[in-house]
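Student: I am new to this structure. Please show it to me, and then let us go through it.

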Amino acid sequence: MNLEIRLHGRGGQGGVTCAKILAALYVTLGKSVQTFGDYAGERSGAPVRAYTRVDDRPITNRNKVYRPDHLLVLDPTLLGDETVSGLAPGGLLLINTPDPPEAFRHRFGRFRIATIDATSIARKQGIGTRSVVIVNTTIAGAYARVVGLPREALDRAYASIHLERDLPAARAAFDAVSVGDSPAGQPAEAAVPPPDQSVYVLPLTRHAASAPTGLKTGAWRTQVPQYVEHLAPCNAWCPAGNDVVGFLQTLLHEGEEAAARVLSETQPLASVCGRVCPAPCMEGCSRRQYDGTVNIRELERWVGDHATVSRRAERAPGRVRRIAVVGSGPAGLAASYEIARHGHEATIFEAEQALGGVLRTGIPAYRLPRDVLEREIDGILDLGVEARCGVVLDAPGVASLSRKYDAVILATGLASLTALEVPGASLEGIEQGIRFLHDVNLADRPSLHGHVVVIGGGNTAIDCARSARRRGAERVTIAYRRTEQEMPAIREEIEEAQHEGVEFQLLRQPVAFHGNGRVAAVELAEVTLGDPDETGRRRPIVSERTSRLACDHVLLAAGQSADRRLLRLGDTIAEGRIHRHGSAPNLFVAGDFATGEGTVAHAIGDGRRAAGRALAALGEPATIFVRPNRAEAVPISGIHFDRFPLRPAAVGDRLPAAERVRSFAETNRGLPDAREAERCFSCGHCTQCDTCLVYCPEGIIDRTATGYAVDLNFCKGCGICVAECPRDAMEMTTS
Ligand code: FAD
């Protein structure tokens with residue numbers, strides 16, 4: 001059942017209370033109800049309208065009633081075409097009048113007319129004063145009869161709202177009401193419909209399409225609604241500066257190619273990031289607090305893998321700048337991409353024989369297939385970026401570049417490896433994990449055997465352990481000095497390693513290696529955790545208690561740092577730029593070398609930032625990427641969870657663990673389709689969902705080709721559209 005009732009009366013007749021009595025009647029039948037009044041002028045005798053909605057389900061529509069099923073007219077002098085507007089043929093028209101229904105047939109014969117002399121009954125019962133008779137409680141009794149409600153419903157309803165005193169008048173009206181003949185073509189028995197077969201109510205959106213109330217705003221409105229874009233948390237959390245909500249919504253509505261164009265504004269490595277990014281955007285995702293974060297990483301991968309955005313850069317209109325970029329990791333690649341997109345020339349100098357930095361030398365192919373990496377690097381080179389591989393720059397080399405080029409960006413990553421200074425560290429069989437990965441990824445590394453112990457808890461350690469398993473190690477153990485919670489490695493990678501049989505010795509630190517020429521055991525001391533250190537993680541306190549772990553090979557993954565030998569003594573770095581003796585030469589820094597932030601997405605964002613800084617310093621038009629302020633993102637309280645059906649996140653298909661460790665084939669096969677994008681709440685971004693339009697009590701919001709238009713002549717500034725927007729894409733502003 002859903003039913004809409006409108007009442008027309010005059011101030012003082014109790015029309016609004018009458019609407020409440022009707023609601024109370026239906027409450028006795030267990031229905032959901034809504035009722036409110038609408039005053040044209042706050043004075044006795046002025047026209048008043050009141051509304052009641054009845055439904056089997058909770059009522060969310062807060063419009064006024066424009067197409068009533070039942071219309072009650074408390075004062076017959078109000079009867080006119082405007083009063084009956086919206087009442088469908090066959091709809092109930094109940095009039096307070098001494099005349100019979102037939103008296104109204106010539107004007108309103110298309111409706112089912114009922115009449116009751118409520119004024120006389122109420123006067124007889126002494127309801128109101130001699131001059132103003134209050135007819136509400138009386139006419140409600142007539143209504144109950146006309147719509148077929150049982151007499152007991154009257155008793156219960158009047159008791160529930162403490163109107164027992166007026167019950168005799170209601171009962172009298174219940175008995176006295178006259179119901180006219182049905183209009184032509186309407187079955188007579190439908191004149192008094194039982195409540196569960198009430199008249200059909202138009203869908204909500206049709207209400208909004210109806211004419212506005214005609215009540216102009218007047219001078220008292222102080223605020224008007226506005227459609228705005230608020231910062232989505234995913235966007236705020238992305239260190240690369242991707243328009244995450246933008247690409248997800250574009251993917252949903254326009255497909256991969258269009259979504260790829262959105263991403264390509266900031267992201268040259270979508271397929272790469274869609275595989276290896278720790279995805280801070282997913283941490284920020286509002287849906288995380290509801291039924292699980294949207295799988296943004298996999299959707300980025302989907303777009304990167306399925307779209308073929310062809311890239312071509314226009315030459316800068318003025319002078320074309322030449323910028324050298326040292327290092328071809330994600331920071332160097334992103335910087336070059338940005339320079340080329342602005343129409344300038346970027347030349348990459350890379351020590352390795354191929355581009356990619358850690359993406360090629362560190363991250364194994366089972367996480368990042370090489371054809372994917374090649375394709376995305378080619379996309380950057382297609383913009384006209386030049387690459388010179390096998391060139392190791394030193395400080396004089398950098399100085400020479402700075403003379404030949406308009407600017408130089410140093411993006412050389414973390415090239416210094418942390419040595420472990422404990423007895424036995426130089427035994428054969430102990431090597432740096434980074435070198436091991438480099439050989440696994442770039443050279444034909446001979447197979448391992450036996451038990452491999454990996455020291456460390458970051459991405460390098462996990463990649464070493466999983467690669468060692470694939471390279472033939474029968475057993476692999478990771479020894480780490482803190483607990484699993486403190487491991488800096490990506491969480492999913494730790495779990496994957498566990499699935500692949502990698503063992504963990506936590507709260508253990510190596511204090512010596514033993515062996516006769518070649519390592520045969522590592523001595524591990526037990527560790528307890530003290531107060532947090534400068535990184536916020538608890539400081540390891542190494543105890544005297546040790547044990548020996550027999551092994552055949554040790555891989556050290558205890559950390560890396562920037563190799564500052566490219567700089568001169570006394571050089572400092574501030575705002576991404578090198579400062580020397582009070583001046584700032586044309587040297588800029590980017591990525592891990594500059595920030596040590598240690599993720600691909602951070603490196604991409606910083607590479608773009610460095611390119612912007614270099615171009616701006618050369619006087620070229622450029623935007624310097626500034627990471628959004630998370631505090632400004634749409635708060636969780638801005639999202640109406642109840643408007644979104646629960647739906648679990650889609651996850652990528654994975655190779656079974658037993659199959660994985662036999663090869664370097666990609667373990668995660670990605671999503672089967674892009675429907676996961678449908679889960680995006682689109683926080684802070686209008687999706688034209690029509691909620692504002694449906695909820696506007698004035699019915700004065702209209703759809704336009706690009707969104708919505710609010711008719712400000714009629715907007716009262718109530719703010720309901722803003723409060724009801726499910727995704728915080730509107731706000732009230734002073735008009
Ligand atoms: P790099 O990628 O380190 O690139 C620097 C480049 O500079 C290298 O190609 C190097 O050869 C070159 N170079 C250095 N010195 C010179 C010189 N003197 N002359 C010329 N060229 C030079 N992050 C993630 O987000 N997800 C992951 O899954 C992930 N896994 C990782 C796994 C491993 C094993 C490692 C080590 C890191 C991982 N990271 C991961 C971190 C991420 O790879 C780095 O933060 C990122 O690559 C830094 O990018 P970059 O461009 O600053 O430096």
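Student: Is Asp-75 buried or exposed?
Tutor: Buried means under 20% relative accessible area, exposed over 50%, and partly exposed in between (1.4 Å probe, protein chains only). Asp-75 has 14% relative accessibility, so Asp-75 counts as buried.

Student: What kind of model is this?
Tutor: Residues are numbered from 1 along each chain as its sequence is written, and side-chain values use heavy atoms, with hydrogens and water left out. Local features need pLDDT of at least 70, side-chain atom pairs count only at pLDDT 80 or more, totals for chains, interfaces and linings use all residues, and the model is predicted.

Student: Which side chain makes a polar contact with that of Asp-75?
Tutor: Asp-75 is in the loop between β4 and β5. A polar contact is a pair of N or O atoms within 3.5 Å; within protein, one must be able to donate a hydrogen and the other to accept it, and residues adjacent in sequence count only if both atoms are side-chain atoms. At 3.1 Å, the partner of Asp-75 is Arg-10.

Student: Which residues of β4 are buried?
Tutor: Strands (E, at least two residues) and helices (H or I, at least four) are DSSP runs, numbered from the N terminus. Strand β4 covers residues 70-73, and both its faces are covered. The buried residues are His-70 and Leu-72 on one side, and on the other Leu-71 and Val-73.

Student: Which residue of β5 stands opposite Leu-71?
Tutor: Two strands pair if DSSP finds at least two bridges between them. β4 runs parallel to β1 (residues 2-10), with four bridges, and there His-8 stands opposite Val-73. β4 also runs parallel to β5 (residues 92-96), again with four bridges. Opposite Leu-71 in β5 stands Leu-93.

Student: Is Ile-21 buried or exposed?
Tutor: Ile-21 sits in helix α1, residues 15-27. Its C-alpha atom is 14 Å from that of Leu-74, which is 53 residues away along the chain. The relative accessibility of Ile-21 is 0%, so Ile-21 counts as buried.

Student: How far apart are the C-alpha centres of domain 1 and domain 2?
Tutor: The protein is divided into domain 1 (2-212), domain 2 (322-415 + 562-617) and domain 3 (450-552). These bounds come from an automatic or database domain assignment. Between the C-alpha centres of domain 1 and domain 2, the distance is 76 Å.

Student: How many residues surround the ligand?
Tutor: A residue is near a molecule if one of its heavy atoms lies within 4 Å of it. The closest to the ligand are Val-276, Glu-350, Arg-367, Asp-592 and Val-600. By class, the shell has 18 nonpolar, 13 polar and five charged residues. The number surrounding the ligand is 36.

Student: How much of the accessible area of the ligand does the protein cover?
Tutor: Start with the contacts: a polar side-chain atom of Glu-350 is 2.6 Å from a ligand oxygen. A polar backbone atom of Leu-393 is 2.9 Å from a ligand nitrogen. Of the 990 Å² of accessible area (Shrake-Rupley method, 1.4 Å probe) that the ligand has on its own, the protein covers 92%.

Student: Which element gives the most residues to the shell around the ligand?
Tutor: Domain 2 and domain 3 each supply at least three residues to the shell. Among single elements, the one that gives the most has three residues there, and that is α19.

Student: Which residue of β21 is the bridge partner of Glu-431?
Tutor: In β21 (residues 553-556), His-553 and Leu-555 point one way and Val-554 and Leu-556 the other, and all are buried. β21 pairs in the parallel sense with β15 (residues 451-455) over four bridges, where Ile-455 stands opposite Leu-556. β21 pairs in that sense with β14 (residues 430-432) over three bridges. In β21, the partner of Glu-431 is Leu-555.

Student: What is the phi of Ala-279?
Tutor: Ala-279 is in the loop between α11 (270-276) and α12 (280-284). Its relative accessibility is 3%, so Ala-279 counts as buried. Ala-279 is not a glycine, yet its phi is positive, at about 55 degrees.

Student: And what is the phi of Ser-682?
Tutor: Ser-682 lies in the loop between β27 (668-670) and α24 (691-695). Ser-682 counts as buried because its relative accessibility is 1%. Ser-682 is not a glycine either, and its positive phi is about 60 degrees.

How values were computed: Nonpolar A, V, L, I, M, F, W, Y, C, P; charged D, E, K, R; others polar.
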